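Please examine the following structure together with its sequence. The report below describes the pairing of one strand with its neighbours.

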Amino acid sequence: MAGNSFKRRFLDVLFDYKTEKYVDTKNKKVGVLYRLIQLSIIGYLIGWVFVTKKGYQETDEAIQSSVITKLKGVSVTNTTESGLLVWGPEDYVIPPQGEAVLFVVTNFLETPKQKLGHCAESHRVLDGHCQNDEDCEEGKMVVAGNGIKSGRCLRQDENSTGTCEIYGWCPIERKFKPQGPLLKNAENFTIYIKNFIQFSKFTFSKCNVLETTDASYLRRCRFDEELHPYCPIFRLGDITRRAGYNFQDLATSGGSIGIMIEWDCDLDKGYSNCHPVYHFTRLDINVSNKTIATGFNFRHSRYFKNAAGESYRSLFKVYGIRFNIMVHGKAGMFSIIPTAINVGSGLALMGAGVFFCDLVLLYLMKKGDSYRERKFEEYKSKKSTTEDNNVEDRKGVADRII
């Protein structure tokens, strides 16, 4: 009997069907709360989802991009080591091929006419310090140094700390602290940044150069957000200024500038409404500005031979600005699928508002029990009612027999 009763209750629960029952509740507080929830959801759906985030669009963020750069400008330097030099783009741009990452020389130190031979290691190299010849093991490389130890310790007197003699390019590089940029005219150099982008999902492509038949346009224009947004020629001094720094200060010890090109294209508005937006920031400095890692420099050399066939080189320690050109973007176009998904999400949120108001009426209001009686009602079919009556009759017969 117990098993049959459990089976019957299980089947009743399994095949129950619950439907909504609407109760018109004359409660102004809950009514105001419900309308506020509705307005909030509608405002969120229209203002944020559809207007701000454009939730009715299908988007493509896999931007395909190509960057080509070219620099122009000439500067003159006159130093004791190098004499009078004229610097063109082929001299101060590294690498010269025109890539998305390039370095512009603004300052340098030259150690001219280095020749392979023996000389003293620099005092700045810790592994080159010595007190006697035993500290300079012959044939051992100097850690972070300039050559190979010869086995001799060179000292001014017996009480001083000396340096090991090395075999390398001599004379070694002298100590240098930059006082100001040598290529002072570098501020007026111009960089031409040509950027091609494509969104393959929408078969859309564009360039950041103005589409014009005027061949002289690029020779006379300079970038301006309002007057010439499609002139991709930037003065280096303007780039550092837009990044928030003075060019002469940055050019003295070097630095790194990020040029970000952002494409945010609403293709529903047409081809002409897809524009590049430029952002400039310094990358080699942190927020606190308290670091010894700022600046940018490296070394390179130029080799040559004299009339006697002896090999020489000039070592250059160059300071300058490294430009990193980064391209980001996304494109969007109307699609029924994201529109339907977002509308459905809004309707689901409406249902959550009803659920919240029901909780308030059931558990936070004084007349919650009265509302519960009207909200929930059990309806039984005629067959179920007959079966229940038969069960009651059988129970009564059993009781009389007992």
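Two strands are taken as paired if DSSP finds at least two bridges between them.

## Strand β16 and its burial

The model is predicted. Strand β16 spans residues 311-334, and 17 of its 24 residues are buried, so the strand is largely enclosed by the rest of the structure. Buried here means a relative accessible area under 20%.

## The hairpin with β15

Strand β15, residues 297-305, pairs with β16 in the antiparallel sense through nine bridges. Within this pairing, Ser301 of β15 has Leu315 of β16 as its bridge partner.

The two strands form a hairpin with five residues between them. In that hairpin Gly309 adopts a positive phi near 85 degrees.

## Other antiparallel partners

Strand β6, residues 101-120, also runs antiparallel to β16 and is joined to it by eleven bridges. Here Gln114 lies opposite Arg313 of β16.

Strand β1, residues 57-60, is a further antiparallel partner, joined to β16 by four bridges. Thr59 has Gly332 as its bridge partner in β16.

## The parallel partner

Which strand pairs with β16 in the parallel sense over twelve bridges? The strand is β13, which covers residues 255-266. One of the residue pairs involved links Ser256 with its bridge partner Arg322 in β16.

## Summary

Strand β16 thus has antiparallel pairings with β1, with β6 and with β15, and a parallel pairing with β13.

Definitions and conventions. Residues are numbered from 1 along each chain as its sequence is written. This is a predicted model: local features need pLDDT of at least 70, side-chain atom pairs count only at pLDDT 80 or more; totals for chains, interfaces and linings use all residues. Side-chain values use heavy atoms; hydrogens and water are left out. Buried means under 20% relative accessible area, exposed over 50%, partly exposed in between (1.4 Å probe, protein chains only).
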